[in-house]
Amino acid sequence: MNSRNSISFSWLTSIGLISLLAFMEPAAAASDDSFEHAERLYDTYCTQCHGVNRDGNGVNSVFMSVQPRDHSDAKGMGDIPNSEIIDVIKKGGLAANKSVLMPAWGGVFSDEEVNQLAAYLRHVCKCGSDQ
Amino acid sequence: MKPYLFAAIGASFFATSLAVHAADVPAVLQSKCASCHALTKPESNSLDRLWERKGPDLHYAGNKFNKEWLVEWLQDPAKIRPAGEFYRKHVKPGTKEDVVDESSLAPHPKLARKDAEAAANALMTLTDPDGLIEKGAFKDQKVAMSMGAMYFNKLRGCAACHSAVPGKGGLSGPEMATAGKRLQPDFIYSYIKDPQKIDKGVWMPKLDISDADLQKLTSYIVQLSAKEDKK
């Protein structure tokens, strides 16, 4: 993919996310129910590496040469912009010059689900919105 | 949209008429195996079903397994998925990394030789009518093991979830050390290409892998079990 495309692509996704977050804000504040689906997705697909406690210590992490990100770490997660989180979930670690051991999930989730997961990760780390 | 809808309605009609077919599932399997394995194509692909199922789906077993392996394994079922089916229900936090809760994993029912042969014969009749598996896709060109290992471990990251060598590698996916004996090569190829097509919702991602790389990975996995034999 050429760089012009990917720039306009991440622009679009960040705009999408901003509007999504704006839309979700009241519900998210009211209760955690709005994360129910994202939480289910996380438990099914992400805990194998990122851990049942979301701390990067998944059952697979023992033999991995690059350790999965600790999603409960407010500092580490706060430094990652939303657009990168969305890109990495969709296209894998390589999309952000990170390890291939973080797989691409774009073939499994809808864009809507990727956005929900990204918002859920913010809820887990209690950090950052967009930057 | 419309033709699609019609196709869906048609398909569900077809599925209902297949109820007759379900009764055709060999009795040995229906009585002893249906409580844990889907022997006909499940109606629902929801995440809830994946969480509730007690064993892997077997409705396309005839396109997946090698019969000789089935006969042996059913008599002496060694663990294939180190964290069971499904992994999330069998892992818990450990001192540092999550660990497999072995006490939650029950051993697989064991069959006597005659029953194993009958079950294997029956399983081989359960074939997929939907072309899930690309027949003849694997071209059987041998890849050097060092090259295959590089793709499996480093370039493609398969080792994060699968072990190529017993006791080393990921635990959430089936072990690969005996996969060459267990699985038909075209199934291995098709599954790597699009696991979501064969087992919708499964926790292996659909990655974008070229045919050349699919050939290498398949050849590597097929050869792993020959390596196991020499030990």
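This passage looks at the nonpolar cores and salt bridges of the structure. The model is predicted, so local features need pLDDT of at least 70 and side-chain atom pairs count only at pLDDT 80 or more, while totals for chains, interfaces and linings use all residues. Side-chain values use heavy atoms, with hydrogens and water left out.

The largest nonpolar core (buried Ala, Val, Leu, Ile, Met, Phe, Trp, Tyr and Cys residues joined through side-chain atoms within 4.5 Å) has 82 residues, and A:Tyr45, A:Phe109, B:Leu29 and B:Phe152 touch the most other members. Helix 5 of chain A (residues 111–125) supplies the largest share of this core, eight residues; helices here are DSSP runs of H or I with at least four residues, and strands are E runs of at least two. Beyond four places in sequence, the contacts of A:Tyr45 (heavy atoms within 4.5 Å) include A:Trp105, B:Leu47 and B:Trp203.

As for charged pairs, the whole structure holds 22 salt bridges over all chains, each a side-chain nitrogen of Lys or Arg within 4 Å of a carboxyl oxygen of Asp or Glu. One of them joins B:Glu85 and B:Arg53 at 2.9 Å, N to O. B:Glu85 sits in the loop between helix 5 (67–75) and strand 1 (91–92) of chain B and B:Arg53 in the loop between helix 4 (47–52) and helix 5, so the pair ties together parts 32 residues apart in sequence. B:Glu85 is buried at 14% relative accessible area, and B:Arg53 is buried at 7% (buried is under 20%, exposed over 50%, partly exposed in between; 1.4 Å probe, protein chains only). Both residues belong to a salt-bridge network with B:Arg49, B:Asp57, B:Arg81 and B:Asp199.

Conventions
Residues are numbered from 1 along each chain as its sequence is written. Chains are lettered from A and ligands numbered from 1 in the order in which they are written.
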